[in-house]
Amino acid sequence: MEGLLGSFTSKLVEKAKRADSRIVLAFDPTGELRSLERAKNLLSQLSDRVAGIKLGLPSLLAYGPEGLRGLMEGLEGPFICDLKMADIGYVNRMVAEEVFELGFEAVIAHAFVGIREGLEEVVGLARERGKGVLAVCAMSHRGAEEYLNARCLEMMEASRSAGVDGFILPATFPELLREARRRYPEALILSPGVGAQGPPLGSALKAGADFEIVGRALVSSPSPRLKVEEMRREMGGWTGGSWPRR
Ligand code: XMP
């Protein structure tokens with residue numbers, strides 16, 4: 001943010017250009033994909049066609065930390081770890097240490113825990129290690145309207161001041177994406193919620209996101225390689241113009 005290109009953002013943008021893609025794959029295994037071999041096979045088919053890959057708690061529980069290390073080995077990332085961290089800073093930092101050591105380039109952390117003794121310790125660690133932090137400032141499900149999303153704008157401002165690399169904002173509430181882009185023209189924004197959750201592919205990009213995080217629409221497809229090609233065509237590839245944004 002602040003017009004500076006952090007190391008994680010550079011890696012993501014470089015990969016996006018190479019893959020000609022604004023898709024970040026969200027890989028959450030079910031059924032046969034709980035086999036590490038099948039998971040690796042799927043990711044091998046998709047990794048050169050996406051800007052990055054997000055792995056979360058379902059993968060960690062299915063394969064264990066060493067399984068995750070093996071899953072990432074030899075594949076093109078960058079890999080983002082989505083544990084939606086929401087603990088005190090001391091524990092957040094401890095978890096992030098382990099995650100970075102496994103080979104992840106960025107972590108996703110909740111902004112609602114607050115900055116002081118919360119988010120700031122993860123951001124500090126990420127800076128030391130040349131890694132990234134993405135802050136969840138709103139969520140895509142209906143319940144997010146009950147509490148979380150009402151404070152989205154404050155959380156964006158606070159996490160931006162804390163030095164996060166970007167925001168996670170939902171495709172299901174495009175008005176939040178539009179407002180985020182209006183307030184922070186230079187910010188990196190990743191948006192989950194297109195496809196399985198309703199909004200059409202490409203809609204979050206139109207509302208101001210830089211990347212769409214896509215899970216089930218790709219992972220559950222019988223032909224993931226064909227599907228990702230179709231999605232890239234539909235979304236128009238990278239077409240990113242200059243970066244950082246002006
Ligand atoms: P689907 O299958 O719905 O998967 O395409 C979406 C992926 O993104 C995550 N997800 C979110 N993460 N804020 C987040 O930080 C959100 O509002 C949100 N909604 C979905 C989900 O964990 C899955 O991996």
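# Reading the ligand site and two backbone features

Guide: In this predicted model, the ligand sits in the largest pocket. A pocket is an open set of points on a 1 Å grid over the protein atoms alone, where a 1.4 Å probe fits, with protein on both sides within 12 Å along at least five of seven lines, and a molecule sits there if more than half of its atoms lie within 2 Å of the grid points.

Visitor: Which elements give two or more residues to the shell around the ligand?

Guide: These are E3 and strand E8 (211-214), strands being DSSP runs of at least two residues and helices of at least four, numbered from the N terminus.

Visitor: Which residues around the ligand come nearest?

Guide: Of the 17 residues around the ligand (a heavy atom within 4 Å), Asp28, Lys54, Ser140, Gly215 and Arg216 come nearest. Polar contacts are N or O pairs within 3.5 Å: a polar side-chain atom of Lys54 lies 2.7 Å from a ligand oxygen, one of Ser140 lies 2.7 Å from a ligand nitrogen, and a backbone N or O atom of Gly215 lies 2.8 Å from a ligand oxygen. The protein covers 89% of the 500 Å² of accessible area (Shrake-Rupley, 1.4 Å probe) that the ligand has on its own.

Visitor: What should I look for in the backbone?

Guide: Most residues other than glycine have a negative phi, and most peptide bonds are trans. Here the bond from Gly77 to Pro78 is cis, with omega near -5°, and Pro78 lies in the loop between helix H3 (57-72) and E3. Lys84, in strand E3, has a positive phi of about 40° although it is not a glycine.

Visitor: What conventions apply?

Guide: Residues are numbered from 1 along each chain as its sequence is written, and side-chain values use heavy atoms, without hydrogens and water. Local features need pLDDT of at least 70 and side-chain atom pairs count only at pLDDT 80 or more, whereas totals for chains, interfaces and linings use all residues.

Terms used: A polar contact is a pair of N or O atoms within 3.5 Å; within protein, one must be able to donate a hydrogen and the other to accept it, and residues adjacent in sequence count only if both atoms are side-chain atoms. On a 1 Å grid over the protein atoms alone, a cavity is a set of points where a 1.4 Å probe fits but cannot get out, and a pocket is an open set with protein on both sides within 12 Å along at least five of seven lines; lining residues have an atom within 4 Å of a point.
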